[in-house]
Amino acid sequence: MKTVAEILKVRVHSSIISVTPATTVLEAVTLMSDTDISALMVLDGEAVAGIITERDFVRRVARMERSSYATTVGDVMTRNLITVGPLDRSRFCMQLMIEKTLRHLPVLEDGKLVGLLSIRDLVKD
């Protein structure tokens with residue numbers, strides 16, 4: 001089994017695309033659409049504040065009939081993140097994703113965001 005670092009190293013899109021808590025949901029969803037991704041890390045400076053996903057949009061904005069113009073990412077993001085480190089193994093990550101019904105795992109090293117692992121990354125591996 002490979003480590004998270006080995007999996008992230010061979011990814012085609014290795015940059016982390018992020019927004020701030022003050023970003024509007026419309027801006028975040030537009031960015032996801034334009035970059036063909038389904039999750040954005042939410043950073044407050046360099047600190048990880050949360051994650052916003054297409055699921056968050058559907059469940060916390062569209063379904064509740066909130067305005068994507070007036071709602072900020074900080075209002076609807078997932079805050080209590082489950083994270084992994086670069087040396088964690090793919091099997092461990094798969095188990096976490098299955099048990100916690102996750103599609104994305106932020107990768108932190110010494111408290112700093114270094115990547116975002118998706119279920120797609122693990123399936124490809």
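Helix 3 supplies the largest share of the lining of the largest pocket, namely 5 residues. That pocket, like everything described here, belongs to a predicted model. It holds about 1200 Å³ of space. Of the 38 residues that line this largest pocket, those closest to its centre are Ser38, Ala39, Arg103, His104 and Ser118. Two or more lining residues come from each of strand 3, helix 3 (54–62), strand 4, strand 5 and helix 6.

Let us turn to the sheet. It is an open one of 3 strands in the order 1-2-3, with mixed pairing. Strand 1 and strand 3 are the edge strands, each pairing on one side only. As a general reminder, strands of a sheet pair through backbone hydrogen bonds, either parallel or antiparallel. The table sets out the two pairings found here.

| Strand pair | Direction | Bridges | A bridged residue pair |
|---|---|---|---|
| Strand 1 (residues 18–19) and strand 2 | parallel | 2 bridges | Val19 and Val42 |
| Strand 2 and strand 3 (residues 47–53) | antiparallel | 6 bridges | Leu40 and Ile52 |

How enclosed is strand 2 (residues 39–44) by the rest of the structure? Of its 6 residues, 5 are buried, so strand 2 is largely enclosed. Strand 2 and strand 3 form a hairpin with 2 residues between them, and Gly45 in the turn has a positive phi of about 70 degrees. On the other side of the story, strand 1, helix 2 (residues 25–35) and strand 2 make up a right-handed β-α-β unit.

Helix 2 of that unit is worth a look of its own. Its buried residues are Val25, Ala28 and Met32. Viewed down the axis of helix 2, these buried residues fall within an arc of 65 degrees, so they line one face of the helix. The general background is that an α-helix has 3.6 residues a turn, so residues three or four places apart point the same way. Ser33 and Asp34 are exposed on the other side of helix 2. The cover over the buried residues of helix 2 includes strand 2, strand 3, helix 3 and helix 4 (73–76). After helix 2 comes Asp36, whose phi is positive, near 55 degrees.

Helix 5 (residues 90–100) can be read in a similar way. Which of its residues are buried? They are Ser90, Cys93, Leu96 and Met97. Seen down the axis of helix 5, they fall within an arc of 120 degrees, so they too line one face of the helix. The face of helix 5 turned away from this buried side carries the exposed residues Ile98 and Glu99. The buried residues of helix 5 pack against helix 1 (4–9), strand 4 (104–109), strand 5 (112–118) and helix 6 (119–124). Thr101 follows helix 5 and has a positive phi, near 50 degrees.

Finally, consider Thr3, in the segment before helix 1. Is Thr3 buried or exposed? With a relative accessibility of 11%, Thr3 counts as buried, because the cut-off for that class is under 20%. Setting aside neighbours within four places in sequence, Thr3 is in contact with Pro86, Leu87, Asp88 and Arg89.

Key: Residues numbered from 1 in each chain as written. Predicted model: local features only at pLDDT ≥ 70, side-chain atom pairs only at ≥ 80, totals over all residues. Heavy atoms only, no water. Buried < 20%, exposed > 50% of the residue type's maximum accessible area, 1.4 Å probe, protein only. Helix = DSSP H or I, 4+ residues; strand = E, 2+ residues; numbered from the N terminus. Arc of directions from axis to C-beta. Contact = heavy atoms within 4.5 Å. Pairing = 2+ DSSP bridges. Right-handed = clockwise from strand over helix to strand, strands pointing away. 1 Å grid on protein atoms, 1.4 Å probe; cavity = no way out; pocket = protein on both sides within 12 Å on 5 of 7 lines; lining within 4 Å. Points joined across faces, edges and corners; volume = space filled by probe spheres on them.
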